[in-house]
Structures are given as structure tokens and as C-alpha cells.
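Hi everyone, thanks for making time this morning. I'd like to walk you through one structure, so please have a look at it with me.

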Amino acid sequence: LLTLAQTEMEANRLNEALTLYQDLAATATDPKVLAEATVSAAVLLGELKRPEESSALFEKALSLGETSPEKRGIALVGVVQALYDKGDYNA
């Protein structure tokens, strides 16, 4: 499913990719796949201007011990971007 989601992304079928990533983020049993899918779903939600949902998934990714340092960096920037998109400048 992760490979299929990545293929959908490359083909610019964002909604299809998002559905697959969200399914994986909710059901994956492999911790690394879970972390990868969670960050990818959050990034897509951010691109689709859904900051509330993206922020929640970025926070989830940051709480997972298996999230790689590179993906943690993406998640931290994503949280800041989501706060900005929501207009929460004080946070």
C-alpha cells in the first residue's frame, strides 16, 4: 500500500494517495510504515489546506519513536506551517 500511495503521488493523484496514506496511518502494524504514512498523509493534508487534520497527524508522527530524524524535521516544519495556516501566530 505504501508503494501504491507513492505511485499515486508521483502521478499527481493527491486524493487517492491521501486515502491510502490515511488508511496506512490508521492500520499499519509495522512501526516504520506507520511513521512514513503518517508524515506523508499530514503533508498532503497541509497541501490541501486542511491544517487542523495535518497538525494532528504531524503531532502523532512526532510522538512515534520510529519516525526518522528526516521525517521529524518535516513534521516540525509541518506543525509550524499548520499553525500559520490556522492564523495561530502566537503559538
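Let me start with a question for the room: is Gly65 buried or exposed? Gly65 is exposed, because its relative accessible area is 65%, and over 50% counts as exposed. You will find Gly65 in the loop between helix 4 and helix 5. From there, look across to Lys32: the two residues are 33 apart in sequence, and their C-alpha atoms are 9.2 Å apart in space. Please keep in mind throughout that this is a predicted model.

Now let's go to the start of the chain. Helix 1 covers residues 2-10, and its buried residues are Leu2, Ala5 and Glu8. Looking down the axis of helix 1, those buried residues fall within an arc of 120°, so they line one face of the helix. What do they pack against? Their partners are helix 2, residues 14-27, and helix 3, residues 31-47. Turn to the other side of helix 1 and you see Thr3 and Glu10, which are exposed.

I'd like to stay with Glu8 for a moment, since a buried glutamate may catch your eye. Glu8 sits in helix 1 and has a relative accessibility of 13%. Buried means under 20%, so Glu8 counts as buried. Leaving aside residues up to four places away in sequence, Glu8 touches Arg13, Glu16, Ala17 and Leu20. One of those contacts, Arg13, is also a salt-bridge partner of Glu8, with the closest N and O atoms 2.4 Å apart. The two ends of that bridge sit in different settings: Glu8 is buried at 13%, whereas Arg13 is partly exposed at 38%.

That brings me to salt bridges in general. Side chains of opposite charge can pair when their charged atoms come close. How many salt bridges does a search of the whole structure find? The search finds 4, and I'll show you two besides the Glu8 and Arg13 pair.

Take Arg50 and Glu53 next. Their closest N and O atoms are 2.8 Å apart, and they form a salt bridge. Arg50 is partly exposed, with a relative accessible area of 31%, and Glu53 is partly exposed too, at 37%.

Then there is Glu52 with Lys86, a salt bridge whose closest N and O atoms are 3.9 Å apart. This pair links distant parts of the chain, 34 residues apart: Glu52 belongs to helix 4, residues 51-63, and Lys86 to helix 5, residues 69-86. Glu52 is exposed, at 55%, while Lys86 is partly exposed, at 33%.

So let's look at how those two helices sit together. Two packed helices are described by the angle between their axes and the distance between the axes. For helix 4 and helix 5, the angle is about 155° and the axes are 9 Å apart. Angles over 145 degrees count as roughly antiparallel, so helix 4 is roughly antiparallel to helix 5. The crossing of helix 4 past helix 5 is left-handed.

Which residues meet there? On the helix 4 side they include Pro51, Ser54, Ser55, Phe58 and Leu62, and on the helix 5 side they include Ile74, Ala75, Gly78, Val79 and Ala82. Our salt-bridge residues Glu52 and Lys86 are also among the residues where these helices meet.

While we are on helix 5, here is another charged residue for you. Lys71 is in helix 5, and Lys71 is buried, with a relative accessible area of 18%. Not counting residues up to four places away in sequence, Lys71 touches Glu36 and Val39.

Last stop, the backbone, and two loop residues. Asn12 follows helix 1 and lies in the loop between helix 1 and helix 2. Its phi is near 65°, a positive value in a residue other than glycine. Asn12 is exposed, with a relative accessible area of 59%. Lys49 is another non-glycine with a positive phi, about 60°. Lys49 lies in the loop between helix 3 and helix 4 and, at 61% relative accessibility, counts as exposed.

That's my tour, and I'm happy to take questions!

How values were computed: Residues are numbered from 1 along each chain as its sequence is written. This is a predicted model: local features need pLDDT of at least 70, side-chain atom pairs count only at pLDDT 80 or more; totals for chains, interfaces and linings use all residues. Side-chain values use heavy atoms; hydrogens and water are left out. Buried means under 20% relative accessible area, exposed over 50%, partly exposed in between (1.4 Å probe, protein chains only). Helices (H or I, at least four residues) and strands (E, at least two) are DSSP runs, numbered from the N terminus. The arc is that of the directions from the helix axis to the C-beta atoms. Contact means heavy atoms within 4.5 Å. A salt bridge is a side-chain nitrogen of Lys or Arg within 4 Å of a carboxyl oxygen of Asp or Glu. Axes are lines fitted to C-alpha atoms, for helices over the stretch in contact, and angles run from 0 to 180 degrees between N-to-C directions. Angles under 35 degrees count as roughly parallel, over 145 as roughly antiparallel, 65 to 115 as roughly perpendicular and the rest as oblique. A crossing is left-handed if the near helix is turned anticlockwise from the far one by less than a right angle, and right-handed if clockwise.
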